[in-house]
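The following exercises concern a predicted model. Please study the sequence and the structure before reading each solution.

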Amino acid sequence: MARILDGIDAFLDQLAAIDFLPAFIAVLCQLARLFSTSQAWRNVLVAAYPYREVPRRLIYGAYLSGIGINAIIPVRAGDAVRVVLAHRAIRDSSYTTVISSTLVLSMFDIAAASTLLIWAAVTLDELPGIGELPNLRSFDFAWLLDRPLAAELILAAILIALAILAVWIHGHVVDFWGRVKQAFTVVRDPPAYFGSVVIWQAADWSLRLVTVWFMLDAFDIPQSAQNVLLVQVSSSLATLLPLTPGGLGTEQAFLLYVFGGAVPGAQLLAFSVGMRLILLATNVVAGFTALVLTLRTFNFRGVMKSAKDARSP
């Protein structure tokens with residue numbers, strides 16, 4: 001938390017020096033990448049429900065709504081909201097299939113994030129080792145890494161909970177695996193998968209890098225392919241287990257480590273927190289605008305209740 005507050009102070013101190021044109025272009029890139037991912041998700045759902053209408057506008061609204069809520073509430077609460085809204089948009093759909101459709105998108109995301117991580121670890125040797133993680137300031141998982149027994153107990157509890165959930169699903173959800181398989185329909189047709197899903201996800205990841213490029217320019221930090229990739233790797237690692245909105249805190253700790261003094265600490269903190277705040281604000285405004293337009297109401301409590309009910313299959 002101290003690192004986040006330091007970064008906000010540095011960001012406010014340098015606010016007048018920010019070049020707002022590249023920052024504005026970065027915001028446009030962020031909106032474009034959200035549209036790209038929503039298109040990929042819709043195409044997965046279209047393949048899963050070939051005889052149902054999958055409204056483009058409602059699916060885009062559902063995706064944006066989830067992104068907006070994830071921006072302010074940690075632990076991926078927005079994912080439940082977008083599943084609820086997508087389920088409402090597709091007649092006779094099942095929560096199991098809609099939830100599983102997000103796993104189809106995860107395949108490419110995991111491959112892309114892993115490729116960047118391997119590149120940083122092998123080519124540049126810039127990432128901290130496991131033993132160094134607890135010493136990074138504001139690192140979210142330092143408490144667990146310092147206490148291996150507690151970490152092992154928590155992991156065991158999670159595995160037991162998953163096993164109990166699997167038993168419950170088997171007994172209560174009719175044709176569970178059939179519905180999961182339905183979500184992966186597009187994957188079984190490689191040309192359709194690459195032409196309608198992968199191409200949009202590739203656009204998403206390309207726009208992520210372009211967004212970082214313009215953000216570096218906005219904060220007067222040297223623009224290079226290496227710097228862009230290091231920022232993206234730090235961001236991906238920070239959101240791996242989102243204990244804070246947008247991975248705030250962890251991302252700043254990673255960036256200070258990987259840049260290793262090449263950029264002044266205050267300037268790097270201003271960039272990191274400033275970029276995250278700008279993108280979070282973009283996600284919140286876009287998400288809640290989409291939520292209001294989709295639901296035609298400001299009764300968000302009812303939506304969150306439905307989302308909470310949808311967490312169980």
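**Exercises on helices and aromatic pairs**

**Exercise 1.** Determine which backbone nitrogen a side-chain oxygen of Asp19 approaches at the start of α2.

*Solution.* The backbone nitrogen is that of Leu21, and the side-chain oxygen of Asp19 comes to within 3.3 Å of it. The helix that begins here, α2, has 29 residues, and its first and last C-alpha atoms are 42 Å apart, close to the expected 42 Å.

**Exercise 2.** Decide whether the end-to-end distance of α9 agrees with the span expected at 1.5 Å a residue.

*Solution.* Step one: the expected span is 1.5 Å times one less than the number of residues. Step two: α9 has 29 residues, so α9 should span 42 Å. Step three: the end C-alpha atoms of α9 are 40 Å apart, which agrees. One further feature should be noted: α9 has a kink of about 35°, centred on Val198.

**Exercise 3.** Classify the aromatic pair of Phe219 and Phe271 from the angle between the ring planes.

*Solution.* Step one: the ring centres of Phe219 and Phe271 are 5.8 Å apart, and pairing requires centres within 6.5 Å. Step two: the planes stand at 80°, and an angle over 60 counts as edge-to-face, so the pair is edge-to-face. Step three: Phe219 lies in the loop between α9 and α10, whereas Phe271 belongs to helix α12, 52 residues apart. Both residues, Phe219 and Phe271, are buried.

**Exercise 4.** State whether Phe194 is buried or exposed.

*Solution.* The relative accessibility of Phe194 is 53%, and exposed means over 50%, so Phe194 counts as exposed. Tyr193, at 8%, is buried, because buried means under 20%.

Methods
Residues numbered from 1 in each chain as written. Predicted model: local features only at pLDDT ≥ 70, side-chain atom pairs only at ≥ 80, totals over all residues. Heavy atoms only, no water. Helix = DSSP H or I, 4+ residues; strand = E, 2+ residues; numbered from the N terminus. Bend = angle between axes of the 7 residues up to and from the residue. Polar contact = N/O pair within 3.5 Å; in protein donor to acceptor, adjacent residues only side chain to side chain. Buried < 20%, exposed > 50% of the residue type's maximum accessible area, 1.4 Å probe, protein only. Phe/Tyr/Trp six-rings, centres within 6.5 Å; stacked < 30°, edge-to-face > 60°.
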